[in-house]
Amino acid sequence: MNSPAFRDWQSVQDEVLRRIRTRMWEPGAMIPNEADLAVEFGCARSTVNRALRSLAEAGWLDRRRKAGTRVAAQPIAKATLSIAVIRHEIEERGQKYSYQRVARTLSVPPLDVSAAMRMPAETAMLYIRALHLADDMPYALESRWINLQVVPGAQDEPFQNLSANEWLLRHAPYSDGEIAFSAVNAGEDEAELLACPEGAALFAVDRLTWDGDASVTKVRLLFAPGHQMRTKL
């Protein structure tokens, strides 16, 4: 017998968690796909997706591209990182936010970018480079490639006053993503934009987001020296 209709992702999350905790879905077991769960729960697939993403972030589910979703063999606490609107991040620190677009071009990306985004090497993408500032001081340098086949509306957006970071979070849905953290040394151009010595250590965040099997955007954020990232376990 089908479950009663669920109107929001939190109620779907609660039901999925109940099934995990009662061992209706045992550790390591594959759970039904999103489409089947949407039918069973009487809700949109996007509602199911949001609930499963939340449980995966909390460590209850193991989600893998093209391999389905399994109950975590041993649920663990995970640090949760959301894709933040940099403007909000700066304003929450009590600082004044400002933004400068450095470059906007339609061009073919380097081969490593095309490969990471699983796009043909000759495919042109929208490239945005911008500087985010806090109290008029450089905060982060954003270098971003946008897949116009997935987000065609970006082609008409100048990104002169609104950052690609904020625009994409408003207009481009995503299902999952990949993120990497590293330390890099500032090159001459980066040092000039971030107002730091050449060779200074910078905190780098590389992020790639997907909508199903299609890449949405690939971005590298370089933060000014001394930046810290905090999260909760």
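Is F203 buried, partly exposed or exposed? F203 counts as partly exposed, at 21% relative accessibility. The model described here is predicted. This briefing covers aromatic rings, arginines placed over rings, and residues with a positive phi.

**Aromatic pairs**

- Five aromatic pairs are present in the structure.
- One of them joins F181 and F203, whose ring centres are 6.0 Å apart and whose planes are at 0°. This pair is stacked.
- F181 belongs to strand 6, which covers residues 176-185, while F203 belongs to strand 7, which covers residues 201-211, so the pair ties together parts 22 residues apart in sequence.
- F181 is partly exposed, and its relative accessible area is 38%. F203 is also partly exposed, at 21% relative accessibility. The value for F203 falls between the limits of 20% for buried and 50% for exposed, so F203 is placed in the class in between.
- F203 also pairs with F223: the ring centres are 6.0 Å apart and the planes are at 35°, so this pair is tilted. A pair counts as stacked under 30 degrees and as edge-to-face over 60, which means that an angle of 35° falls in the tilted class.
- Strand 7 holds F203 and strand 8 (residues 214-223) holds F223, so their pair ties together parts that are 20 residues apart in sequence.
- F223 is buried, with 3% relative accessible area. Buried means under 20%, so F223 falls in that class.
- Y139, F181, F203 and F223 are linked into a cluster by ring pairs.

**Arginines over rings**

- Which residue has R50 over its face? R50 lies over the face of W9, and the distance to the ring centre is 4.0 Å.
- R53 has its charged end over the ring of Y174, at 5.6 Å from the centre of that ring.

**Positive phi angles**

- R23 is a residue other than glycine with a positive phi, near 65°. The loop that holds R23 runs between helix 1 (9-21) and helix 2 (34-41).
- R23 counts as partly exposed, with a relative accessibility of 48%. Exposed means over 50%, so R23 does not reach that class.
- R118, likewise not a glycine, has a positive phi near 55°. Its place is in the loop between helix 5 (111-116) and strand 4 (125-134).
- R118 is partly exposed, at 49% relative accessibility.

Terms used:
Residues are numbered from 1 along each chain as its sequence is written. This is a predicted model: local features need pLDDT of at least 70, side-chain atom pairs count only at pLDDT 80 or more; totals for chains, interfaces and linings use all residues. Side-chain values use heavy atoms; hydrogens and water are left out. Rings of Phe, Tyr and Trp (its six-membered ring) pair if their centres lie within 6.5 Å; planes under 30 degrees apart count as stacked, over 60 as edge-to-face and the rest as tilted. Helices (H or I, at least four residues) and strands (E, at least two) are DSSP runs, numbered from the N terminus. Buried means under 20% relative accessible area, exposed over 50%, partly exposed in between (1.4 Å probe, protein chains only). A charge sits over a ring if NZ of Lys or CZ of Arg is within 6 Å of the ring centre and within 35 degrees of the ring normal.
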